[in-house]
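Trainee: I've got a fresh model to go through, and I'd like to quiz you on it strand by strand. Ready when you are.

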Amino acid sequence: ILFRAPMLMHQNAKITFVVGDVFFRRSARDKWKQAVVGRHLLTGYELKTGKNSMADIKFHYGTAVRVAERSVFSIKKSTIKKLMLNIKSGAVFGKFEKLFKNFSIGIQTPSLFSAIRGTELGYIIKKQKNIIKEKKNKKSSSLFKTTVYALSGITEIQNPQFKNKKVLLSYQEKMTITQNEPPKNPNPMTKKDVKKIRTILNSIH
C-alpha cells in the first residue's frame with residue numbers, strides 16, 4: 001500500500017458578500033467595475049467600497065476578511081506559499097490561518113507592515129495633517145496612522161521606516177503606528193474594543 005502526502009491546492013480569493021457600492025479592478029490602469037458575489041480576485045486586483053458599503057472576501061479555509069466602508073484594499077500576492085495584502089485606506093477586519101508552517105501571511109498599510117502567525121485582527125487607517133514649520137512658511141502634508149487590534153494569536157509589527165524596531169502584538173492588545181514614528185509598546189484592548197471587533201469578525205460571510 002502506498003501512502004501519499006496530502007496535496008495543497010491554491011484557491012483564488014472570492015467575494016462572498018457585498019453591500020452597497022463595491023467595485024474592483026485588475027490593476028491601477030483599469031477602470032473600476034461593479035463587484036458581485038462569486039467574483040474571483042487574483043494577484044494585483046484592487047477593491048474599494050463606498051459609504052455604507054462593505055464586502056467579505058474568502059481566501060482559503062480559515063482565512064477571510066471584511067473590507068469596511070470607504071476603504072481601498074488590494075491583493076499584492078496570493079500563492080500556495082504566500083499571502084500579501086495591502087490596505088491603502090479605510091478599515092479591514094479578518095480571520096487568518098496559516099495553511100502550513102512555512103506559509104506566510106503579511107498585511108501592509110501606509111504606516112506599517114505586519115507578519116501574521118495566525119490570528120484575528122482589525123486594521124483601521126486614519127489620515128492626519130502634518131504641519132512642517134520652516135523659516136517663514138508652514139507646509140501642510142498628510143500622515144497616515146494605523147491602529148491594529150489583535151483578538152488572538154501573535155502578530156509582528158514594524159514601521160518600514162524603522163526596520164530595526166519590531167513589536168509583537170498578542171492576545172487582546174492594540175497599538176497605533178504613525179508613518180514617521182517607530183512602533184511603541186502595545187496597550188490592552190478595552191471591553192468595548194473586544195466586543196466591536198468580535199461582532200465584526202463573527203458576521204463575516
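Trainee: Let's jump straight in: which residue in β15 does A115 stand opposite?

Mentor: Keep in mind that this is a predicted model. Strand β12 covers residues 112–116 and β15 covers residues 155–158, and the two pair in the antiparallel sense over four bridges. Within that pairing, the residue opposite A115 is E156.

Trainee: And the sheet those two belong to, which are its edge strands?

Mentor: The sheet is open, has nine strands with mixed pairing, and runs in the order β3-β2-β5-β8-β9-β11-β12-β15-β16. An edge strand here pairs on one side only. That description fits β3 (33–34) and β16 (166–169).

Trainee: How many strands does the chain have in its secondary structure?

Mentor: Nine of them sit in that open sheet, but there are others, such as β1 and β6, which run antiparallel. Helix is scarce by count: the chain has one. For strands, the count is 18.

Trainee: Over to β1, then. How many bridges join β1 to β6?

Mentor: Strand β1 (residues 13–19) has two antiparallel partners to look at. With β4 (residues 40–41) there are two bridges, and K14 has H40 as its bridge partner there. With β6 (residues 54–60), F17 stands opposite D56, and the number of bridges is five.

Trainee: D56 is an acidic residue in β6. Is D56 buried or exposed?

Mentor: Look at its surroundings first: apart from neighbours within four places in sequence, D56 is in contact with K14, I15, T16, F17, V65, R66, S203, I204 and H205. Its relative accessible area is 0%, and the cut-off for buried is under 20%, so D56 counts as buried.

Trainee: Which side chain does the D56 side chain join in a polar contact of 2.7 Å?

Mentor: There are two polar partners to keep apart. One is a backbone atom: the D56 side chain reaches the nitrogen of H205 at 2.7 Å. The side-chain partner, also at 2.7 Å, is R66.

Trainee: Switching to the nonpolar side, which residues touch the most other members of the largest nonpolar core?

Mentor: That core has 35 residues. Take F59 as one example: beyond its neighbours within four places in sequence, F59 is in contact with Q11, N12, A13, V65, F73, I75, L83 and L85. Apart from the largest core lies another of 13 residues, with Y149, I200, L201 and I204 among them. In the largest one, the residues touching the most other members are L41, I57, F59 and F73.

Trainee: You mentioned Y149. Why does Y149 count as buried?

Mentor: Y149 lies in β14 (residues 138–152). Not counting residues up to four places away in sequence, Y149 touches E120, L121, G122, I124, E173, K174, M189, D193 and I197. Buried means under 20% relative accessible area, and Y149 qualifies because its value is 13%.

Trainee: And what distance separates the C-alpha atoms of Y149 and F93?

Mentor: Along the chain, Y149 and F93 are 56 residues apart. In space, their C-alpha atoms are separated by 9.0 Å.

Trainee: Last one, for the whole chain: what percentage of the residues is buried?

Mentor: The accessible surface comes to about 12,300 Å², and 52% of that belongs to carbon and sulfur atoms. Among contacts with a separation of 6 or more, residues 24 or more positions apart account for 48%. Out of 205 residues, the buried share is 40%.

Conventions: Residues numbered from 1 in each chain as written. Predicted model: local features only at pLDDT ≥ 70, side-chain atom pairs only at ≥ 80, totals over all residues. Heavy atoms only, no water. Pairing = 2+ DSSP bridges. Buried < 20%, exposed > 50% of the residue type's maximum accessible area, 1.4 Å probe, protein only. Contact = heavy atoms within 4.5 Å. Areas by Shrake-Rupley, 256 points an atom, 1.4 Å probe, with all protein chains shown as cover. Polar contact = N/O pair within 3.5 Å; in protein donor to acceptor, adjacent residues only side chain to side chain. Core = buried A, V, L, I, M, F, W, Y, C linked by side-chain atoms within 4.5 Å.
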